[in-house]
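The exercises below concern salt bridges, sheets, helix packing and an internal cavity. Please work through each task with the structure at hand before reading its solution.

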Amino acid sequence: MSTDLLTVRQLAKSFGPLSVLENVSLSVRPGEIVGLLGPNGSGKSTALNVISGFLPSSGGSVTFDGKDISNAPVRAITDLGLVRTFQLPSMPHRMTVREVIKAGKRTDGGRFASVSFGADIDTLLEEFKLSHVAGNAASALSGGQKKLLSVATALRAEPKLLCLDEPTAGVHVSLRSELVDVLRRYVARGGACLVVEHDMLFIRDLCTRCIVLDRGEIIADCLPSELESNPRVVEAYLGKAVEKGGMVQR
């Protein structure tokens, strides 16, 4: 059995008297694509922010690649090979799309040597359908294109663990299957993914396992195919209404 790449134990996060996460424990192994799901306000993005160092935890521990990164600085976590994207990526005004992707490449001697994604700039531009805007200012892209650029730039770093926060929001539906293919190739070359997402079709196509949060607690850790038959997931995340052959959101 593979050793966990990411291990989260009894993670807690409070904002004053408001408890957002409580006793959250999860893991991601090399070669896995894990979906982190839940209704709005369930704590998904907060969990990702704590894991990646953008928020301090209120309790528990986070271990990445055998090292304790609990409340470590963002730079230190990134240097270990945990790279993330954001729901609303901000792009520099004075850099082109090509320059942004170029800047994603590690220059510290290949600290992420366990991953060999091997995608050059032109390949990433083509795969993410950004070749025609390669010379444009990155800040001038549409919201969906900025999302794709942020994922491409993160992959350019060849991270050990790629954490994506709602990568399909604003992305044209025709590009989602291609995004699935790109991420699967990255994982096949030694990476792993933790994906916060609402698009259930995307999750079922992409993920090997799903973790579901509700009100700051984990209520399911299962295969994507098992989501529909889990009554706690149906009630908490998708609502109580269920149709034959699929789940219905309220």
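The model is predicted, and every value in the solutions is computed from it.

**Exercise 1. Which sheet has six strands, in what order do its strands run, and which of them stand at the edges?**

Step 1. The sheet is open, its six strands follow the order β6-β7-β8-β3-β9-β10, and the pairing is mixed.

Step 2. Strands β6 and β10 are the edge strands, and because each has a single partner strand, one side of each is left without a neighbour in the sheet.

Step 3. When direction is ignored, neighbouring strands of this sheet are turned against each other by 20 degrees on average.

Step 4. Within this order, β3 and β9 pair in the parallel sense over four bridges, and in one of these strands, β9, Arg 209 is the bridge partner of Val 34.

Step 5. Helix α6, which spans residues 176-188, packs on the sheet and touches β3, β7 and β8, while its direction makes about 145 degrees with that of β8.

**Exercise 2. Describe the salt bridge between Arg 209 and Glu 32, and say which residues share a network with this pair.**

Step 1. The closest N and O atoms of Arg 209 and Glu 32 are 2.9 Å apart, and the cut-off for a salt bridge is 4 Å.

Step 2. The two residues lie in distant parts of the chain, 177 residues apart, with Arg 209 in strand β9 (residues 209-214) and Glu 32 in the loop between β2 and β3.

Step 3. Buried means under 20% relative accessible area, so Arg 209 at 10% counts as buried, and Glu 32 at 9% is therefore buried as well.

Step 4. Salt bridges that share partners join Arg 29, Glu 32, Arg 209 and Asp 221 into one network.

**Exercise 3. Are the partners in the salt bridges Arg 84 with Asp 165 and Arg 204 with Glu 228 buried or partly exposed?**

Step 1. The side chains of Arg 84 and Asp 165 meet at 3.6 Å, N to O; this pair links strand β6 (residues 82-84) with strand β7 (residues 161-165), the two residues being 81 residues apart.

Step 2. Arg 84 has a relative accessible area of 11% and is buried, and Asp 165, at 3%, counts as buried too.

Step 3. In the salt bridge of Arg 204 with Glu 228, the closest N and O atoms are 2.7 Å apart. Arg 204 belongs to helix α7 (residues 200-206), whereas Glu 228 lies in the loop between β10 and α8, 24 residues apart from Arg 204.

Step 4. The limits for partly exposed are 20% and 50%, so Arg 204 at 34% counts as partly exposed, and Glu 228 at 30% likewise counts as partly exposed.

Step 5. For the whole model, the count comes to 12 salt bridges.

**Exercise 4. Trace the sheet of four strands and find the helix that packs on it.**

Step 1. The strands form an open sheet in the order β2-β1-β4-β5, with antiparallel pairing, and β2 and β5 stand at the edges, so that one side of each is left without a neighbour in the sheet.

Step 2. Strand β1 (residues 6-15) is joined to β2 by seven bridges, and the bridge partner of Thr 7 in β2 is Ser 27.

Step 3. These strands, β1 and β2, form a hairpin with two residues between them, and Gly 16 in the turn has a positive phi of about 65 degrees.

Step 4. Strand β4 (residues 59-64) is joined to β5 by two bridges, and Thr 63 stands opposite Asp 68 in β5.

Step 5. Helix α1 (residues 44-51) packs on the sheet and touches β1, β2 and β4, its direction making about 115 degrees with that of β1.

**Exercise 5. Which residues line the largest cavity, and which residues are in contact with Asp 214 beyond its sequence neighbours?**

Step 1. One cavity of 30 Å³ or more is counted, and the largest cavity has a volume of about 40 Å³.

Step 2. The lining of the largest cavity consists of Glu 127, Phe 128, Leu 148, Leu 175, Glu 178 and Leu 179.

Step 3. Turning to Asp 214, this residue is found in strand β9, and with neighbours within four places in sequence left aside, Asp 214 is in contact with Pro 39, Ser 42, Ile 219 and Ala 236.

Step 4. The C-alpha atoms of Asp 214 and Val 233 are separated by 8.5 Å, although the residues are 19 residues apart along the chain.

Definitions and conventions. Residues are numbered from 1 along each chain as its sequence is written. This is a predicted model: local features need pLDDT of at least 70, side-chain atom pairs count only at pLDDT 80 or more; totals for chains, interfaces and linings use all residues. Side-chain values use heavy atoms; hydrogens and water are left out. Buried means under 20% relative accessible area, exposed over 50%, partly exposed in between (1.4 Å probe, protein chains only). Two strands pair if DSSP finds at least two bridges between them. Contact means heavy atoms within 4.5 Å. Axes are lines fitted to C-alpha atoms, for helices over the stretch in contact, and angles run from 0 to 180 degrees between N-to-C directions. On a 1 Å grid over the protein atoms alone, a cavity is a set of points where a 1.4 Å probe fits but cannot get out, and a pocket is an open set with protein on both sides within 12 Å along at least five of seven lines; lining residues have an atom within 4 Å of a point. Grid points are joined across faces, edges and corners, and a volume is the space filled by probe spheres set on the points.
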